[in-house]
Amino acid sequence: MAFVTRQISRTFSSSAVRNVVIKNVTIIGGGQMGAGIAQVAASTGHTVTLVDTNEDILKKSVKGIEGSLKRVVKKKFADKPEAGVEFVNKVLQNVSTSADAESAVQSTDLVLEAIVENLKIKQDLFGRLDKLAPAHTIFASNTSSLPITDIASSTGRLDRFGGLHFFNPVPMMKLVEVIGTSATSQDTFDSLLNFSKALGKTPVSCKDTPGFIVNRLLVPYMMEAVRLHEKGHGSKEDIDIAMKLGAGYPMGPFELLDYVGLDTAKFIIDGWSAMEPGNPLFAPSEMLNKLVAEGKYGKKTGEGFYKHK
């Protein structure tokens, strides 16, 4: 009987998401990433609820969205200022805020999380919301480094769970990594792909492996640059210049580390190293660890590998 019940439940849950067009979006996390996703979704006609437990963060997020839209208007509606004002107002009308995640998910098509990179916090969030969201609602995480499978394990909708990894700043960056787990249904994956396209983004399909595609290639590249410098095989300045002029990269690896955040890079590499301790690509760096311990995270603290004004 238990087997039959599980089969019926799975059939219902899989069919519930079939042909779902995502129009109503709930974004959990009012930080820079969450606000950026909210802006893009609202600009493309989606109804967005931006959720954060901190009302001040929500106010700051909406103000930031409005400021970003006004910058867009200056370029897009340079000759039509009235149309620009109308555009900003229309987009802002598509955005509402809430400090109550439980209420915000009760009539939504997609719950997208963009909160702190902490597995337990993400699991607790989705486990709580899973009991309240409609059966057809898709859950997705914007994590850049944590396994989607592990985050989804706290829910009963494994077939309706995937990853949507956006890049910062969201309004400018065209790429979205769409991640499917071994349990993600094809209907769910297709809905996430179509949603990404509806946002005007270019989606790429990813498996649930450490770092997906971009960070899986980018983080080991940055870490190898640090190791090269640690061994005295090149100054950080020369390595940055070499990669910019020799490979055509817009930023060198040390400049990029300072932009991303040394604490973020350490968090990612430590997590991967714990998952695959024998993988030399994921080996930690004493130099990076020392800078993070000193509170030198990069641009956000004024100093990392370089000093920033």
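Two strands are taken to pair if DSSP finds at least two bridges between them. In the predicted model described here, three bridges join strand β5 (residues 138-141) to strand β6 (residues 161-166), and the two strands run parallel. Within this pairing, Ala-140 stands opposite Gly-162 of β6.

Strands β5 and β6 belong to an open sheet of eight strands, arranged in the order β3-β2-β1-β4-β5-β6-β7-β8, with mixed pairing. The edges of the sheet are occupied by β3 (95-98) and β8 (202-207); each has a single partner strand, so one side of each is left without a neighbour in the sheet. From one strand to the next, the twist averages 25°. In general, the strands of a sheet pair through backbone hydrogen bonds, in either a parallel or an antiparallel manner.

Helix α6 (residues 119-130) lies across four of these strands, namely β1 (24-28), β4 (110-113), β5 and β6, and runs at about 170° to β5.

Helix α2 comprises 12 residues (residues 32-43). At 1.5 Å a residue, α2 should span 16 Å, and its end C-alpha atoms are 16 Å apart, which agrees with the expected value. With a residue counted as buried under 20% relative accessible area, 10 of the 12 residues of α2 are buried, so this helix is largely enclosed by the rest of the structure. The buried residues of α2 are Met-33, Gly-34, Ala-35, Gly-36, Ile-37, Ala-38, Gln-39, Val-40, Ala-41 and Ala-42. Just after α2, Gly-45 adopts a positive phi of about 90°.

Technical notes. Residues are numbered from 1 along each chain as its sequence is written. This is a predicted model: local features need pLDDT of at least 70, side-chain atom pairs count only at pLDDT 80 or more; totals for chains, interfaces and linings use all residues. Side-chain values use heavy atoms; hydrogens and water are left out. Helices (H or I, at least four residues) and strands (E, at least two) are DSSP runs, numbered from the N terminus. The expected span of a helix is 1.5 Å times one less than its number of residues. Buried means under 20% relative accessible area, exposed over 50%, partly exposed in between (1.4 Å probe, protein chains only). Axes are lines fitted to C-alpha atoms, for helices over the stretch in contact, and angles run from 0 to 180 degrees between N-to-C directions. Contact means heavy atoms within 4.5 Å.
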